[in-house]
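Please look at the sequence and the structure shown below before reading on. The paragraphs that follow lead from one pair of side chains to the wider fold.

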Amino acid sequence: MRIRLDPWPIDTFEGQLTLKPFAGLVFDVETDAWQAIPTRGIPQSLREVLVVDGKPRMEARLLLDDAAGELHLAAFGAYVVGAVSLCPHGSRQAELRGVRARRVLAYSKDAPLEPARLSPRNPHTGVLEYEPHPFDGRQVEGPRAKVQRLMLDDEQALSQEFASAMPLEEGDADALPDTLVLQDGPVRLGRGGSAVVGYVKTLHTDYLGADRIGLLSELKCGERTPILRFRVGDRGGHLSDAEGREQRFTWYVRLCDAPFYQHPLAGIMRLEMHAPEDSTFVPRAVQGVADLSGALLQRLGSKLHKDSRAPQNLIPTAALEHAMSRSMGNLELVTRRIRTHLVQQGVVA
């Protein structure tokens, strides 16, 4: 028996590797030869890369009892989305774009709440405005799920705002984007046709199977697998209504060699982009993005002595996380202002 470490820190929600088999079908679309494909470098036509991410936070849970004595759930929460803009050729310094916090008063739909405006004692510290958003049901995770959903929607909107359009039809000319967006996590449902690449840092789903996954261990730095296609929500013949209509291209890239004491997939990242419906081809622009992805991610990958989630937690992502935390403010001070607000409104017994 060989024992290897999962590289991610133990206090993260899940490890970097679990590899639950994907229940649906995965198709070859680039080549039938299952072998490593080397990176082709970063073309000069790619002028800007933006890394988009979001960060949610719950700030206070609420229990509401109505006139009939029924209990309802609500919560004060916040989230922030933003981007880091950088030149893939290193000709300028990276800069933050569009980093702004939004505050949410999430409530059960059957107990509506009004917007909450929290004015500070010191006017220089700013007003906190919480916009009400309803969620269905009375589940304890309802408020958190609502904040997360709003954050993901804003991430998608920001990615679409920055990304270049990209042709996805067969026969379209080779049109590499001049602006490419790397979005933390899978690409969102809807809104294909733009140069948005989802980068998945964890390997929780195995899209390859036992006969193919061995290639990941053999990839050299910057190399990738051939591009595959799958349908989101495919459960082996049963598709969820929300997800079963959309398809994705996906491929794997090695960012760096794994240390000898870690499992051999430690330096692997999965990428995905939107795919046309039932496509048996790879658009030239998508293939071009895949060809440059190895060289680009090698440059952006973090180092273990600086980031415990290296290399998948990209250097721009780590910088963006710090900026987003500052944007939301100190949690203890915010919670104190929420308590003061509830007392002033006379809603706390």
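Which kind of link do the side chains of Arg231 and Glu277 form where they meet? In this model, which is predicted rather than determined by experiment, the two side chains meet in a salt bridge, with 3.2 Å from N to O. Arg231 belongs to strand 11 (residues 228-231), while Glu277 sits in the loop between strand 13 and helix 3, so the salt bridge ties together parts of the chain that are 46 residues apart in sequence. The two partners can also be described by how far they are covered: Arg231 has a relative accessible area of 18% and is buried, whereas Glu277, with 47%, is partly exposed. Salt bridges can also share partners, and in this way Glu30, Arg40, Arg224 and Asp291 are joined into one network.

To place these residues, it helps to turn to the chain as a whole. The chain has five helices and 13 strands, and of its 349 residues, 50% are buried. When contacts between residues at least 6 apart in sequence are considered, 72% of them join residues that are at least 24 apart. The chain exposes about 17,900 Å², and carbon and sulfur atoms supply 51% of this area.

The strands come next. In general, strands of a sheet pair through backbone hydrogen bonds, in either a parallel or an antiparallel way. Here, 11 strands form an open sheet with mixed pairing, and their order across the sheet is 2-11-12-13-9-8-3-4-5-7-6. At the edges are strand 2 (26-28) and strand 6 (116-118), each of which pairs on one side only. Neighbouring strands of the sheet are turned against each other by 30° on average, if direction is ignored.

Several of these pairings can be followed strand by strand. Strand 3 and strand 4 run antiparallel and are joined by 16 bridges, and along them Pro56 stands opposite Tyr79 of strand 4. The two strands form a hairpin with five residues between them, and in the turn Gly69 has a positive phi of about 85°. On its way across the sheet, the reader then meets the pairing of strand 4 with strand 5, again antiparallel, with 11 bridges; here Ala83 has Arg97 in strand 5 as its bridge partner. Strand 4 is mostly covered, since 15 of its 16 residues are buried. Strand 6 and strand 7 (residues 128-135) also pair in the antiparallel sense, over three bridges, and Arg117 has Glu129 in strand 7 as its bridge partner.

Helices lie against this sheet. Helix 1 (residues 142-162) packs on the sheet and touches strand 3, strand 4 (71-86), strand 5 (95-108), strand 7, strand 8 and strand 9, with a direction that makes about 25° with that of strand 4. Helix 4 (residues 315-328) lies across strand 3, strand 4, strand 5, strand 8 and strand 9, and runs at about 35° to strand 3.

What do the nonpolar side chains do? As a general tendency, nonpolar side chains in soluble globular proteins are buried together. In this model the largest nonpolar core has 33 residues, and Leu180 and Leu182 have the most contacts inside it. At least two residues of this core come from each of strand 3 (48-65), strand 8 (179-184), strand 9 (196-200), strand 12 (247-254), strand 13 (268-275) and helix 3 (284-300), with helix 3 giving the most, nine residues. Beyond its neighbours within four places in sequence, Leu180 is in contact with residues that include Leu46, Val49, Val197, Val289 and Leu292. There is also a second, separate core of 19 residues, which includes Phe135, Leu152, Leu158 and Ala163.

Glu48, another contact of Leu180, leads back to the salt bridges, of which the structure holds 24. Glu48 forms a salt bridge with Arg92, and their closest N and O atoms are 3.8 Å apart. Glu48 is in strand 3 and Arg92 in the loop between strand 4 and strand 5, so distant parts of the chain, 44 residues apart, are linked. Glu48 counts as buried, because its relative accessibility is 17%, while Arg92 counts as partly exposed at 35%. In a further salt bridge, the side chains of Glu59 and Arg103 meet at 3.2 Å, N to O. Here Glu59 lies in strand 3 and Arg103 in strand 5, 44 residues apart. Glu59 counts as buried at 5% relative accessibility, and Arg103 is buried with a relative accessible area of 11%.

Note on methods: Residues numbered from 1 in each chain as written. Predicted model: local features only at pLDDT ≥ 70, side-chain atom pairs only at ≥ 80, totals over all residues. Heavy atoms only, no water. Core = buried A, V, L, I, M, F, W, Y, C linked by side-chain atoms within 4.5 Å. Buried < 20%, exposed > 50% of the residue type's maximum accessible area, 1.4 Å probe, protein only. Helix = DSSP H or I, 4+ residues; strand = E, 2+ residues; numbered from the N terminus. Contact = heavy atoms within 4.5 Å. Pairing = 2+ DSSP bridges. Axes fitted to C-alpha atoms, helices over the stretch in contact; angles between N-to-C directions. Salt bridge = Lys/Arg side-chain N within 4 Å of Asp/Glu carboxyl O. Areas by Shrake-Rupley, 256 points an atom, 1.4 Å probe, with all protein chains shown as cover.
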